[in-house]
Each structure stands twice: as C-alpha cells, then as structure tokens.
Amino acid sequence: MVDESARWRAEAGLRRYMDFIEGIPVALGVLHLVDVHDPRSLEVATSNPAARSLLSANPGDRLLDVIELDRHWLEEFSEVARGGAPMERPFVNLPDSDAVYTLRAVTLPEHHIGVTIEDVTKRASVAASFRHQALHDELTGLPNRAHLRERLTQVMACDDPGASALLLVDLNQFKEINDTLGHHYGDRLLRAFSHRLSTNLRGCDLIARLGGDEFAVLITDDAAETGAIEVAERLLALCGQRFEIDEFRFQIGASVGIALAPTHATSPESLLRKADAAMYWAKARGGGWSLYSATHDDHDVRRLELMGDLRDAISDGSMEVHYQTRVRLGDNRPVGLEALVRWRHPRYGLLPPEDFIELAEVSGCIRELTEFVTTTAIAEASSVLERDGLGLSVNLSARTLHDPRLVDWLRTTVVESDLDDGRLCFEITETDLMEDSARSINTLEAIRALGVRLSVDDFGTGYSSLSYLRRLPVDEVKIDRSFVSDLTDDDTIVRAVVDLGHNLGLHVVAEGVENAAIEERLAQLGCDSAQGFLWGQPVPISEVTDQLTRLRSTRPAMG
Ligand code: C2E
Ligand code: MG
Ligand code: MG
C-alpha cells in the first residue's frame, strides 16, 4: 500500500492552476530566444487559449512569422530574455485591430520570457477622455494652457528645436461686453472667435485658449520667426471683422504679444513670460501687435507697471480729485468747479491724468474710475456747491458711453445727490465724441434726460466742422487751450466758436486762460466763462474754499 494522497493533492493543485491559466481572459504566452544573439530567433514556446485567439500560433512557430512586428519589439523582448529588466507598455495596439492592450514581459530561466497581453480598451478610452478634458478648454474645445505648456516643452526640449514663435492674444473690449451683456454673450463671442481662429489660422502648430479672453498661437515651422508677424496681422484682421450674435454686432480689437524661440527664450516658461510682456506693451499702446524686445525703454516699463497697479489704486484710496474753479467772464464770479483726477502713486508721486486715463481705458477700468471721480466729487464738494451756488463738471471718457450701466448708475447717483437741476455737467472731449458719435447720441440724450448737462471738451482739436456741433445733444462747448493761448495773435477760431455756439444756444467756455490780456479779449468776444491758472491751479477740496474767497475778494480789481 502506497499513500498517493500527496501526489493526488499535487496533481489536483496543478490541474486547478492549469484551469486558471487556460481560462483566464488574458493572453499568456512563453517565448524562447533560441539564438541569444539573434532577436529574429524568438519562438513561441507555449500559449493559453486567450493568446491563441489573439494570434494563431503553435509551439515552435517563429514570432516573426506569427505577427508583423517592428524590429524594436524583437530587440526589447530579446533583452528581457537575456535577463534584462521586466518590460511594461500600458497602451499598445496590435496590427489590424482598434483594441488597446497592456503588454508585460518578464524573464524566465534559459532565455525564455513570459508575456501577458491584456485588453484595456475601455480603460484606455476613459483615460483618453480624462486626458482630453485635462488638456482642453471646456467652453471652446481648444487646447488649454496645460496643453500649450506640454507642447512647448516637447518642441523646445528636442535636440534640434528649430525656430518657433509664441503669440499671446488678449481681446481688448471683451470685459466690457461681458460686463454689460452678461456671460452668455461673452461665452458666445469667445466661441465665435475660437472658431474663427481655428478655421482661418490653419498651419499653426497649436491654437489655445489660456483662460478668460486670452488666447495663444504657437508656430513651429522653420519660417516661424518671419511668419509670426504675418500671423499676428491676420489675427488682428480676424478680430476686426464684425461678430454678429443675435441682434448684436460686436467689433473687437486685440493686443498681440510675440516672443521668439530661441531668439528671446530657450525654455517654455521664459517664452511665455516674454510673450506676455510683449502683449502688455501692445495693450499699453492701445492694441495691435508688439514683438518682445529686451530694450523697451523705461517709459514703456513704467506704463506697464502703472497698468498693473491701476485697478487696485482706484479701490485703495490712491486716487484723488482736485478742483479748478471756473469763473464768469465780465465779473469773475466763481460759477463752478471742474473735478480733475490725480493718482498719488507710491513710487512716482502725484501723477497727472495724461499718464493713466488712456491706460484705464485700454485695461477696462475706466468705468470704475469715472464712478470714483463722480462720487468722490459729489461727496467732497456738495456743501461748497450748495453754499456758493456752483456747478460741478466731471470729465467723462467716451468709452464709458457704451456701457449701458452708466445711465442707470448715473440716475441713482444724480437723484441721491439732488444734482438733477443742471448743476452737474459731464465733459467729453471732441475727439472722443467724433469717433462714433452715432452710437453715443442715444446715451448722451439719456444722460441729459436725467437733468445733467453735457459739454464738448477741448473743442477744436478734433477738426470737426463747426456744424457738427448742431447734431450733438449738448449744452456747452469748451474751447481748447491751444486756441485760447493763441488768442492775442489770432482770434479767428475762438470768435467763430463763440458766435456759432451762441447761435446754437450753447454756453461757451474757454480753458487755459493764463493772463489778463487773454481774459480781456475773451470777454470782448462774448465768451461766457473761463478757467485757467490766472484764477487758480486745480487744488484739493481742502483748499477750494480759500481759493474761492480769494477770488471773490480780488473780483473788483479784475472785473
Ligand atoms: P481737461 O478736461 O481739458 O482739463 C483741463 C486741463 O488743463 C487740466 O489738466 C488742468 O490742470 C489744465 N489747466 C487748467 N488751467 C490751465 C492753464 O491756465 N494753463 C494750462 N497750461 N493748463 C491748464 P489735467 O488736470 O492734467 O487734466 C488733463 C486732462 O485729463 C483733462 O483735460 C481731462 O481731459 C482728463 N481728465 C482729468 N480728470 C479726468 C477724469 O476724472 N476722467 C477722465 N475721463 N478724464 C479726466
Ligand atoms: Mg475737462
Ligand atoms: Mg479741456
């Protein structure tokens, strides 16, 4: 009698093991490297049914004859067979199949390798969709910032990177459109713009949306450097074409910054930073394209810096309002104050509006600035206005006229301040008004309907015909300083403006009066009122009362 139970148990265990190998839906096979030095000698040793249904192969078949394989696969398998590191390729395709497999190979004794091939098509498609999501912008479907970075890294890290150009694009009026019409229209505009870019800028390596209204275009062919400016111009032309969304028509501008690799940068981060700087330069100039240059002068650098500081300055109390007194000609009685904004900058000191109004316009915070100046002036000056029966003039950038919220905001402000009796006046420069008077006229009329007066500032500089004044719903015309200071030599223009203004029933004001001879001449010509250093510089509210008192006490001498 021999106890066979141990052998039986071992055989049963082996059978279970074989059942498992035969039944598992993962292709398993053993390959043998017959000639250690010849990868083409790889043979199939054994395989399970899952492997056989994938590749019909019998033991002893050469791998080369069973499946079409690239040379590098044969070499990699042979390396494993010779005792090299295990191999794992998460996503591979087999010839004539759309399925995706994970392939693993481990060393077995005597130049054999164990290979597993697992169908991971489902997992791969989930991974691909995650990857797509991670690298694309949901709104427009364009590649996103991460994608751009990845592509830049690829392009710039290769051995012979060649020339490439990165264009960063920022839409100029997008914020206004988004703020005034809402995100719905903003989103649709972004989609329309993206579509326009991808259909018209074929041949670029990548077009991406980096967020908000910022886009990027990457060009990586040999002509990248020369082609960049051409692409920038095409891009600006594409922006310039009208967008029609429902009943709205939009015209937008853009600022494009260009940086070149390897000329300006050799790493993705630095290329992005330089294109960004160039974009800000373009923006500070009011749009168009700008090529990065390390030698942009200090003036540009300062503008850039100011632009960055501007939004915070409006809310953190760095902006101040100064007031210049306006007097009636003839008796020099003070009749009004003009509010003029100043920026007390921590590094540059007190800045005049010339240094930042335009920046506020291009960077989209002009409405905030206008609201700040108006509310501050009303709050600071209302008791003086009340006491001395003065009017208050505030400068309005024509850009704000396109913001429908302006009128609503003004209505509340004007009603709350009791200034709806014609004491509040907005000055808009003539050149600004001329740019698109047709669109502005409705807004101007709405503002006037609130009991607020309107003045055409710096009149004469826009070279518009005098009869142009007829078409504008305004109450006052303010003759530009340049004509006023020339008055004693040549009075044709001032005389014409005074006459025509009066014919149209407008109040005529002269600005920039610096001496008594000019004052006298203006009075002779019948000009109604005037402002200028002759009566006083713009001063903070704390000094206004003193200035008014002084003016009143000197009135008899001057009148
Ligand atoms: P403006 O509205 O024509 O203001 C008159 C400018 O002439 C002021 O310059 C004033 O200081 C200056 N001025 C006054 N009297 C004389 C004089 O006798 N001789 C000379 N040479 N200059 C005189 P400022 O304050 O630098 O303002 C410049 C411009 O900036 C203003 O021209 C106005 O267009 C704009 N601005 C000022 N404040 C604001 C604001 O709150 N919003 C907007 N949008 N623009 C503003
Ligand atoms: Mg003014
Ligand atoms: Mg003026």
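Me: Helices, of at least four residues, and strands, of at least two, are DSSP runs numbered from the N terminus. With these terms in hand, which helices and strands each supply at least two residues of the lining of the second largest pocket?

Reply: It should be said at the outset that this is a predicted model. As a general idea, rolling a probe the size of a water molecule over the atoms shows where empty space is left. In the present case, strands E1 (27-33), E2 (42-47) and E5 (112-119) each supply at least two lining residues, as do helices H2 (49-54), H3 (63-66) and H4 (71-81). Strand E1 gives the most to this lining, with five residues.

Me: How much space lies in the second largest pocket, and which residues lie nearest its centre?

Reply: The second largest pocket holds about 450 Å³ of space. Its lining comprises 28 residues, and those nearest the centre are Leu55, Leu63, Ile67, Leu94 and Ile117. Sorted by class, the lining contains 21 nonpolar residues, four polar residues and three charged residues.

Me: A cavity, unlike a pocket, is a space from which the probe cannot get out. How many cavities of 30 Å³ or more does the structure hold?

Reply: There is one cavity of 30 Å³ or more. The largest cavity contains about 80 Å³ of space. Its lining includes Lys175, Glu176 and Asp179, and further along the chain Arg367, Glu368, Arg399, Asp403 and Arg405. Helix H7 (174-181) and helix H13 (366-388) each supply at least two of the lining residues.

Me: How do the residues of that lining divide into nonpolar, polar and charged?

Reply: Eight are charged, two are polar and two are nonpolar.

Me: Let us turn to the metal sites. Which residues are the protein donors of the magnesium ion (ligand 2)?

Reply: A donor is an N, O or S atom within 2.8 Å of a metal such as this one, and a site may look incomplete in that water is not among the atoms. For the magnesium ion (ligand 2), the protein donors are Glu338 (OE), Asn395 (OD1), Glu427 (OE) and Asp457 (OD), at 2.0 to 2.2 Å from the ion. Along the chain these donors follow the spacing E-x56-N-x31-E-x29-D. The pair Glu338 and Asp457 links distant parts of the chain: Glu338 belongs to strand E14 (residues 334-345) and Asp457 to strand E18 (residues 453-459), 119 residues apart. Glu338 and Asp457 are both buried.

Me: Which residue coordinates both the magnesium ion (ligand 2) and the magnesium ion (ligand 3)?

Reply: Asp457 bridges the two ions, which lie 4.1 Å apart. The magnesium ion (ligand 3) has as protein donors Asp457 (OD), Asp458 (OD) and two OE entries from Glu511, lying 2.0 to 2.5 Å from it. The spacing of these donors along the chain is D-D-x52-E. Here too a pair links distant parts of the chain: Asp458 lies in strand E18, while Glu511 lies in the loop between strand E20 (507-510) and helix H20 (516-525), 53 residues apart.

Me: Why does Glu511 count as buried, and why does Asp458 count as partly exposed?

Reply: The cut-off for buried is under 20% relative accessible area, and partly exposed lies between that value and 50%. Glu511 counts as buried because its relative accessibility is 11%. Asp458 counts as partly exposed because its relative accessibility is 22%.

Me: Which residues touch the most other members of the largest nonpolar core?

Reply: This core has 82 residues, and Met319, Tyr323, Leu392, Leu401, Phe426, Ile447 and Leu522 touch the most other members. Helix H13 gives the most to the core, with nine residues. A second, separate core of 34 residues includes Ala163, Leu167, Phe193 and Ala224.

Me: Finally, the backbone. Which peptide bond is cis, and where is Pro262 found?

Reply: Most residues other than glycine have a negative phi, and most peptide bonds are trans. In this model the bond from Ala261 to Pro262 is cis, with omega near 5 degrees. Pro262 is found in the loop between strand E11 (254-261) and helix H10 (268-284). As for phi, Glu110 has a positive value near 55 degrees and is found in the loop between strand E4 (101-108) and strand E5. Glu110 counts as exposed because its relative accessibility is 65%. Asp246 also has a positive phi, of about 50 degrees, and is found in the loop between strand E9 (243-245) and strand E10 (248-250). With a relative accessible area of 47%, Asp246 is partly exposed.

Terms used:
Residues numbered from 1 in each chain as written. Chains lettered and ligands numbered in written order. Predicted model: local features only at pLDDT ≥ 70, side-chain atom pairs only at ≥ 80, totals over all residues. Heavy atoms only, no water. 1 Å grid on protein atoms, 1.4 Å probe; cavity = no way out; pocket = protein on both sides within 12 Å on 5 of 7 lines; lining within 4 Å. Points joined across faces, edges and corners; volume = space filled by probe spheres on them. Nonpolar A, V, L, I, M, F, W, Y, C, P; charged D, E, K, R; others polar. Donors = N, O, S within 2.8 Å, 3.2 Å for Na, K, Ca; no water. Buried < 20%, exposed > 50% of the residue type's maximum accessible area, 1.4 Å probe, protein only. Core = buried A, V, L, I, M, F, W, Y, C linked by side-chain atoms within 4.5 Å.
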